[in-house]
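Please examine the protein shown below, keeping its sequence and its fold in view together. The paragraphs that follow lead from one part of the structure to the next.

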Amino acid sequence: MVASEIRALFAVASRPEVVSLAGGMPYVAALPLDIVGDMLGDLTQRRGAEALQYASAQGDPDLRARICDVMAMEGVQGSPDDVIVTVGSQQALDLLTRIFVDPGDVVLAEAPSYVGALGTFAMYQADVVQVALDEHGLDPAALRETLETLRRDGRRVKFLYTIPTFQNPAGVTLTASRRAEILAVCASYGVLVIEDNPYGLLGFDGEPMRALRADDPDNVIYLGSFSKTFAPGFRIGWALAPHAVRAKLVLAAESAILSHSSFSQFAVREYLTTQPWMEQIKSFREMYRDRRDTMLDALAATMPEGTSWTRPAGGFFVWLTLPEGLDSKAMAPRAIANRVAYVPGTGFYAGGHGRRHMRLSYCYPEPDRIREGVRRLATVIEREIELRDTFGTSSAPERPGVHTPGPDTA
């Protein structure tokens, strides 16, 4: 277990005078909290004896059926029998790694990739090999080359972990043509795909992208979550897996937690049954699109020459690349001193790379706070450029390691 080297900084970043562009926290204040409160009170009165009791390890059958309705929006046709409810999608990822990975097995992931996934893989002593992505998502040619090299070396690849839609942290989306290529490459090498899709319904333009699972149900395990489209406090996620894998997931869940929270499951089921949740998702999309636009406009107006960033079509994050010679990790304490926070890029690489990068989140701060945070960050970067030009590069040698995230940075 490796503690995060940057966690102490974010204890400071939670102070009100600091504009945090770090955390991937959804803006739950946009929910109709009075209505949700009434719904929960009514649930307790009507079904409290069930909602406060133990549950099965697989999850409430009615909730699993509603989950299938949610996945259908992305073209996924699943049976409730093959859905397992989990404590957020993070637990699903942990259980799958426990089932499939022996120490030294290879797990493939994007470069960069979700810090929580990298932490889980490290805990089970997997050898994480990261594959390049660009503005169009994971590169199929790079994936094929990596798999071929690993095959020649006799390495055992257990699965590819990917966030194809509005990726965390890069914000990019795998194109439709590349999705077909990625599936074909993985099938030809016999590599299982774990598709993590917490942001898929939070696109800013058009209909949701078709999930990988929709086109290859036999070789893709789909992970979903209500943390971004309802509320993370209920800790309800799920996995849709082939039947044999689902059975192992139930056994692993029983050994880990015995049973999930009945009350949380009933609450989410009640929300999906009685509330206009699709309209609420539409409201979230409009709000996050406005905040995305605010951040992109602020970056364009203030960032010094040599800085670049992604332009996400959904989700929560912008991935920023610093000018040559700057180090986002070394710069983080000075940014905190200037009352702005971000997540250094090193946390998203298993080998400690990514010092020229940082993740910026626009989901939680109000637009005025986003503009002020970007202004403060631009000031810090400009000072770093002056130091670089005076004293040379400030980048330290890159060291391997995985940052274990807190919920404020994941």
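Strand 9 is covered on both faces: Ile-236, Trp-238 and Leu-240 are buried on one side, and Gly-237 and Ala-239 are buried on the other. The model in which this is seen is a predicted one. Strand 9 comprises residues 236-240, and 5 of its 5 residues are buried.

The partners of this strand may be considered next. Strand 2, residues 83-87, runs antiparallel to strand 9 and is joined to it by 5 bridges. One of the pairs across these two strands is Val-87 with its bridge partner Ile-236. Strand 8, residues 220-225, also pairs with strand 9 in the antiparallel sense, here over 4 bridges. In this pairing, Tyr-222 stands opposite Leu-240.

These strands belong to a wider arrangement. Strands of a sheet pair through backbone hydrogen bonds, and the pairing may be parallel or antiparallel. The open sheet that contains strand 9 has 8 strands in the order 2-9-8-7-6-3-4-5, and its pairing is mixed. Strand 2 and strand 5 (137-138) stand at the edges with a single partner strand each, so one side of each has no neighbour in the sheet. Elsewhere in this sheet, strand 3 (residues 106-111) pairs with strand 6 in the parallel sense over 4 bridges. Across that pairing, Val-106 stands opposite Val-157 of strand 6.

Where does Asn-168 lie? Asn-168 is in the loop between strand 6 (157-162) and helix 7. Buried means a relative accessible area under 20%, and Asn-168 has a value of 2%, so this residue counts as buried. The side chain of Asn-168 makes a polar contact of 3.4 Å with that of Tyr-199. Another polar contact, of 2.9 Å, joins the side chains of Asn-168 and Arg-359.

After this loop, the chain may be followed into helix 7. At 1.5 Å a residue, the 14 residues of helix 7 (residues 176-189) should span 20 Å, and the end C-alpha atoms are 21 Å apart, which agrees. The buried residues of helix 7 are Arg-178, Arg-179, Ile-182, Leu-183, Val-185, Cys-186 and Tyr-189. Seen down the axis of helix 7, these buried residues fall within an arc of 165 degrees, so they line one face of the helix. Just after helix 7, Gly-190 takes a positive phi of about 65 degrees.

A second sheet now deserves attention. This open sheet has 4 strands in the order 10-11-14-13, and the pairing is antiparallel. Its edges are formed by strand 10 (308-309) and strand 13 (343-344), each with a single partner strand, so one side of each is left without a neighbour in the sheet. Strand 11 (residues 317-321) and strand 14 (residues 357-361) run antiparallel and are joined by 5 bridges. Phe-317 has Ser-361 of strand 14 as its bridge partner.

Finally, the enclosed spaces may be examined. How many cavities of 30 Å³ or more are there? The count comes to 6. The largest cavity holds about 90 Å³ of space. Its lining includes Val-70, Glu-74, Asn-197, Tyr-199, Tyr-222 and Trp-238. Strand 8 gives the most to this lining, with 3 residues. The cavity also links back to earlier parts of the account: among its lining residues, Tyr-199 shares a polar contact with Asn-168, Tyr-222 stands opposite Leu-240, and Trp-238 is one of the buried residues of strand 9.

Definitions and conventions: Residues numbered from 1 in each chain as written. Predicted model: local features only at pLDDT ≥ 70, side-chain atom pairs only at ≥ 80, totals over all residues. Heavy atoms only, no water. Expected span 1.5 Å × (residues − 1). Buried < 20%, exposed > 50% of the residue type's maximum accessible area, 1.4 Å probe, protein only. Arc of directions from axis to C-beta. Polar contact = N/O pair within 3.5 Å; in protein donor to acceptor, adjacent residues only side chain to side chain. Pairing = 2+ DSSP bridges. 1 Å grid on protein atoms, 1.4 Å probe; cavity = no way out; pocket = protein on both sides within 12 Å on 5 of 7 lines; lining within 4 Å. Points joined across faces, edges and corners; volume = space filled by probe spheres on them.
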